[in-house]
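Okay, thanks for coming, everyone. Let's put the model up and go looking for empty space inside it.

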Amino acid sequence: MYTKVVYFLTSFCLSVLALDIGDTCITPNGEVANCIQHTECHVIKNAILSRVEGAKPFAQKSKCGNIGKSPLVCCGTTAKFMTIAPPKKCTTPNGESASCVPLSSCKLISDALETHDNDAEKFAKESHCGHEREQLVCCGSEAYPLRTNLLPNRTVCGEQTGVVRIMGGEETKILEFPWMALLMYNFHNGSHAGFRCGGSVINNRYVLTAAHCVSISENLPIYLNKVRLGEWKISTVEDCDEEFPSNCADPVIDLNIEEKIVHPQYKLGEGKNDIALLRLERNIEYTNSIRPICLPVGESPDPRSRSEMYVAGWGATENSSSSDVKLKLKLQIASRSYCNERLNSIGGVDFTQICAGGKRGEDSCKGDSGGPLMRSSTSENLNANPKWFQEGIVSRGIHCGIRGVPGIYARVAYYMHWIIDNLRSF
């Protein structure tokens, strides 16, 4: 009988969300639960062995991933289709819209508590949202505080307005990724040298980018001059929706740079610590076309191998710019071991970096050097609106779009303490 349980799960061939053991998931009934090995989910296993009506299709729809050939299931409190009241909405201490669930169902907070970290314990206490059979916590995508009031909380950052269609096609809509910045360069004689890097708005005064976009090689007769915000199509004075011409974005703004802050351990050409901050000449007001992206907390785990991220931009590098319209591209995270095999000639990657991409014609050349590697929190939270976090900064690679050769990104979570330490009030 036991082999039948495995068969029903492994023979299920529809596309499912590939989660890892312990990840938060949603059962077919809408219940917040954990993704675990099918052998450990006694509720589903026993229901199938007991031939409970509806248990087999329920088990198939509960599949949430695989470990090798062994299926994982989203294991809740029941193994049959029924109506379960969805968890109530709540707001985390970081301001994120989330779900009020049992502590045992919130792996992020449970794992953080096991570290006995004071900040984690305080965050968990502030996340308390009720009590049923056990303590309920407001379970979002983080288990640690932001630790600064100079970055916007989750009610402000990482949101887009209008209808956003991420799947399919490389060209963005005018209001997609409103945190994208273009870096403007001049030749040493003062003439315009074009847009050669990107960055991301992280609050009302700062843009995050790559150090190699700020600390320019002496072989290039250019210097970083200004930052442009709110751009979509470079060649047009006013950006309007092609399907709805009356729907237009606010005018772009070009800002001088008050201060350039390059990581002190960055060395030109080496690729490590490739991160910089640009303090703008004045505060900016958020609009539908200019908004900040969310930054992760420093304790955020590495992005999972094979998880999906996005890059966006105009294909700008310190050497050229390739697109008139803002582009987007979905990439998969690659393991560090895989990347070290493929990128050994340029030093590989370490724990301060992320590796992604590797399909022919598809890598961050469609995005901007210095631009963000982004993830959406949509799939993590039943009650949350789509919210975008910056996991990496486009750093370097070997040529562009070569099959089996991924790109390298500075890992933002690792540098959060440096970022916070270098923000000044505004």
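The largest cavity has a volume of about 70 Å³. By cavity I mean, on a 1 Å grid over the protein atoms alone, a set of points where a 1.4 Å probe fits but cannot get out; points join across faces, edges and corners, and the volume is the space filled by probe spheres set on them. This is a predicted model, where local features need pLDDT of at least 70, side-chain atom pairs count only at pLDDT 80 or more, and totals for chains, interfaces and linings use all residues. Numbering runs from 1 along each chain as its sequence is written, and side-chain values use heavy atoms, with hydrogens and water left out.

So what lines the largest cavity? Among the lining residues (an atom within 4 Å of a point) are P145, L146, R147, M416, H417 and I420. By class that lining has eight nonpolar, two polar and one charged residues; Ala, Val, Leu, Ile, Met, Phe, Trp, Tyr, Cys and Pro count as nonpolar, Asp, Glu, Lys and Arg as charged, and the others, Gly among them, as polar.

In total there are four cavities of 30 Å³ or more. The second largest holds about 50 Å³, and its lining includes F177, W232, E176, E231 and K326. There the split is six nonpolar, two polar and three charged.

How much space do you get in the second largest cavity, again? About 50 Å³. And the method, in a nutshell: rolling a probe the size of a water molecule over the atoms shows where empty space is left.

Key. On a 1 Å grid over the protein atoms alone, a cavity is a set of points where a 1.4 Å probe fits but cannot get out, and a pocket is an open set with protein on both sides within 12 Å along at least five of seven lines; lining residues have an atom within 4 Å of a point.
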